[in-house]
Amino acid sequence: MSYPEIRPRRLRRNAAVRRLVSETRVDPAELVVPMFVKEGLTEPRAVASLPGVLQHSRDSLRKAAVEAVQAGVGGIMLFGVPASRDETGSGGIDPDGILNVAIRDVIAEVGDATVVMSDLCLDEFTSHGHCGLLTPDGAVDNDATLTAYARMAVAQADAGVHVVGPSGMMDGQVGAVRRALDAAGHQDVSVLAYAVKYASGFFGPFRDAVESALEGDRSTYQQNPANLRESLREVELDVAEGADMVMVKPALPYLDVVAAVRAAVNVPVAAYQVSGEYAMVEAAAANGWIDRERVIMETLTSIRRAGAQIILTYWAVEAAQLLRQRY
């Protein structure tokens, strides 16, 4: 009788065997949950295009931070939604601006029980919605923006943040932030560089969450989705400027980039599973087209398998709870 002598299916025969030989695992400690806090809210408010995601009040943010810690997530990334904006995004630098107040709130609530991170960008605070200061003709002024980022970084560090996440894709942003932090005595504050951030169509629901005022796009500073070698150059520059960690954003459409970055650097690599990725799965699940929990875990595993050891995802708390049940 002829039969296969090599039978890989033996290692798939039941859940216990499959679990034993699994090559890739997602751990709750590797997940970071983005959270939005809106100035002036007394109750949390749902984001219509992100089912299950909230704009938090200060009180509900504190409670959500505790819930995240109890679930075992590795970190929280904070985004502020101000009540008013101006041309220079001054609310992001103001010590009493909503993001800096929220950092203090979360640090007071959870301390070092998880890693508290903050978005370091002006787009949520500018009346024009761009990530930097504008020249008189409406172009984003790279070098003037670096000065604003440096001030913003120090304000966030003064508020107690553990990690700043410069996300504006300005040339030299990591170096400017690192020098400012060190000069202000914040040598222990880490920099998670948004080193690879594409001009992506997957960011739409996020802009609803932060009530973005953007008109037009950010193609002059965010990266061309067609380019990989450019991404590796951006990563190399950010590491040389002092980035402690680097990130690829979005995640699923750029798993090849995640893998290439992982192979190129010796610092931790993160990937951001962005709002559009989340919203597509939630919409398909709501229509009964996919198994929601199964797809959530499959997407996270694929990002981890590509080489990201840190994953920012709106499912972080839920996924951490599912992983605890599973293992």
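In this predicted model, strand β1 makes the greatest contribution to the lining of the second largest pocket, supplying 4 residues. The space in this pocket amounts to about 360 Å³. Its lining comprises 18 residues, and those closest to the centre are Val-33, Gly-52, Val-53, Tyr-314 and Val-317. At least two lining residues come from each of β1 (31–38), β3 (54–56), α2 (58–71) and α11 (316–326). By class, 12 residues of the lining are nonpolar, 3 are polar and 3 are charged.

A search of the whole structure for cavities of 30 Å³ or more returned 1. The largest cavity holds about 90 Å³ of space. Its lining consists of 13 residues, and Asp-123, Lys-197, Phe-206, Arg-218 and Lys-249 lie nearest the centre. In this lining 7 residues are charged, 4 are nonpolar and 2 are polar.

Lys-249, one of the residues nearest the centre of the largest cavity, is also joined to Pro-250 by a cis peptide bond, with omega at about -5°. Most peptide bonds are trans. Pro-250 is located in the loop that connects β8 (245–249) with α8. When neighbours within four places in sequence are set aside, Pro-250 and Gln-222 are in contact with Ser-200.

Ser-200 itself belongs to the loop between β7 (190–197) and α6 (204–209). The relative accessible area of Ser-200 is 11%, and the residue is therefore classed as buried, the limit being under 20%. From this position the side chain of Ser-200 reaches the backbone nitrogen of Phe-202 at a distance of 2.9 Å.

A second loop residue, Met-169, is placed between β6 (163–166) and α5 (173–183). The phi of Met-169 is near 60°, a positive value in a residue that is not glycine. Most residues other than glycine have a negative phi. Met-169 counts as buried because its relative accessibility is 6%, and the class requires a value under 20%.

Glu-23 provides an example of the opposite class, in the loop between α1 (15–20) and β1. With a relative accessible area of 80%, Glu-23 is exposed, since that class begins over 50%. Glu-23 and Tyr-254 are separated by 231 residues in sequence, and their C-alpha atoms are 21 Å apart in space.

Helix α10 covers residues 292–306, which is 15 residues. The span expected at 1.5 Å a residue is 21 Å, because the rise is multiplied by one less than the number of residues. The end C-alpha atoms of α10 are 21 Å apart, so the expected span and the distance in the model agree.

The buried residues of α10 are Val-295, Ile-296, Met-297, Thr-299, Leu-300, Ser-302, Ile-303 and Ala-306. The elements that cover these buried residues include the helices α8 (255–264), α9 (275–286) and α11, together with the strands β9 (269–272) and β10 (310–312). Of these, α11 is also among the elements that supply at least two residues to the lining of the second largest pocket. Just after α10, Gly-307 adopts a positive phi of about 130°.

Terms used
Residues are numbered from 1 along each chain as its sequence is written. This is a predicted model: local features need pLDDT of at least 70, side-chain atom pairs count only at pLDDT 80 or more; totals for chains, interfaces and linings use all residues. Side-chain values use heavy atoms; hydrogens and water are left out. On a 1 Å grid over the protein atoms alone, a cavity is a set of points where a 1.4 Å probe fits but cannot get out, and a pocket is an open set with protein on both sides within 12 Å along at least five of seven lines; lining residues have an atom within 4 Å of a point. Grid points are joined across faces, edges and corners, and a volume is the space filled by probe spheres set on the points. Ala, Val, Leu, Ile, Met, Phe, Trp, Tyr, Cys and Pro count as nonpolar, Asp, Glu, Lys and Arg as charged, and the others, Gly among them, as polar. Buried means under 20% relative accessible area, exposed over 50%, partly exposed in between (1.4 Å probe, protein chains only). Contact means heavy atoms within 4.5 Å. A polar contact is a pair of N or O atoms within 3.5 Å; within protein, one must be able to donate a hydrogen and the other to accept it, and residues adjacent in sequence count only if both atoms are side-chain atoms.
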